[in-house]
Amino acid sequence: MESFGARLHRAVGERGPLCVGIDPHPGLLARWGLDDDIHGLERFAGTVVEALGDRVAVVKPQSAFFERFGSRGVAVLESTIRQLRAAGSLVLLDVKRGDIGSTVAAYASAYLDPSSPLHVDAVTVSPYLGVGALAPMFELATAQGGGVFVLALTSNPEGTAVQRARTADGRTVAQLVIDEISQLNVGAQPLGSVGLVVGATVGATGHDLTAVNGPLLAPGLGAQGASAADLRVVFGSSLPAVLPTYSREVLAAGPDLAALRDAADRVLAECRAALTGS
C-alpha cells in the first residue's frame, strides 16, 4: 500500500504546496449570508468542496465546527470527506486527538481505518500524554497508508509555557517531540508519513527540524498574522517539507466560487515564491 508521505509528495507536486481549511465558524457563515444551522453548514462545506476539491493538494476540515451540530453535523462531515476524496484532494482531519491505550486505538480506528465513515488520509494529534501513547495511531497509519501530524510548536501563545519547557536533558518538550517523531520517519522515501505541526507565527524557534523527514504543517498564515515570507524564518533549510495551511484568508472570499479559487491561487503563488525563493 502506498504511504501517505508518498501520496502527499505527489499531490504537492501536481497541485502545489497548499492546504486549505474548512472552518465553518459562526462568523464565516454569517459573512457568507448563511444561517448558523445545519443547512448553513452543509452549504458552506459543499461550496468549498466545489470550489477547491479538484485543485488544492490538501483540504483540512476542522472537526469541531461540524461536531457542534451533533450527529447531523458529523453526517455533513462524513459527506464532505467523501466529496473531497472523490474530487482528488487529500483530506487532513483537524481533530487534535490524544489519549492512551484502547481509547487512542479507537480514535485511530475512527479516522484511519478504511471501513470507517470518517476515514481520512491523515489526522492531527496531541502528544502531551506522551508520544509513545500515540503508537496505535502510528501503527494503523503505517498499515493503512495514512498520515499523522503531531503538535510540536503551535501558533497559539498559550502553548509556549508547555512546549518550550525544559526536560531533564536540557531539550525543550517540543524538541523532544520533534526528535521522537524523526525516529519514526528514518529511511522513508520520498517523505515520511508522520509529520509535525509548527505554527508559521512562531518565528526563529531555535529548534532543529532537519532530521524530521516528514511533512511540516504550517498553520497561522493569513488571518492569524503570519505571511508566506515568514515561512523562511521559521523553517530555514527544512522549507521543502513545509505544507502551508490557510483557512480564513481563503474562505473569506466565498461564497463566490471564482473568488474562492482566486484566493487559493493567490496564496499558493505566495507560498511557492517563499518556499523556492523565486
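**Exercise 1.** Does arginine 97 count as buried or exposed, and at what relative accessibility?

*Solution.* This is a predicted model, in which local features need pLDDT of at least 70 and side-chain atom pairs count only at pLDDT 80 or more, while totals for chains, interfaces and linings use all residues. Residues are numbered from 1 along each chain as its sequence is written, and side-chain values use heavy atoms, with hydrogens and water left out. Begin with the location: arginine 97 lies in strand E3, residues 90-97 (strands, E, of at least two residues, and helices, H or I, of at least four, are DSSP runs numbered from the N terminus). Next, apply the cut-offs, under 20% relative accessible area for buried, over 50% for exposed and partly exposed in between, with a 1.4 Å probe and protein chains only; arginine 97 has 18% relative accessibility and therefore counts as buried.

**Exercise 2.** Find which residues arginine 97 is in contact with, leaving aside its neighbours within four places in sequence.

*Solution.* Taking contact as heavy atoms within 4.5 Å, the partners of arginine 97 outside that window are Ser63, Glu67, Tyr107, Tyr111, Thr124, Val125, Ser126, Leu134 and Met137.

**Exercise 3.** Treat leucine 196 in the same manner, and state where it lies.

*Solution.* Leucine 196 is placed in strand E6, residues 194-198, and its relative accessible area of 0% is why it is buried. Leaving aside neighbours within four places in sequence, leucine 196 is in contact with residues including Phe149, Val177, Ile181 and Leu209. Finally, the C-alpha atoms of leucine 196 and serine 227 are separated by 19 Å, the two residues being 31 residues apart along the chain.
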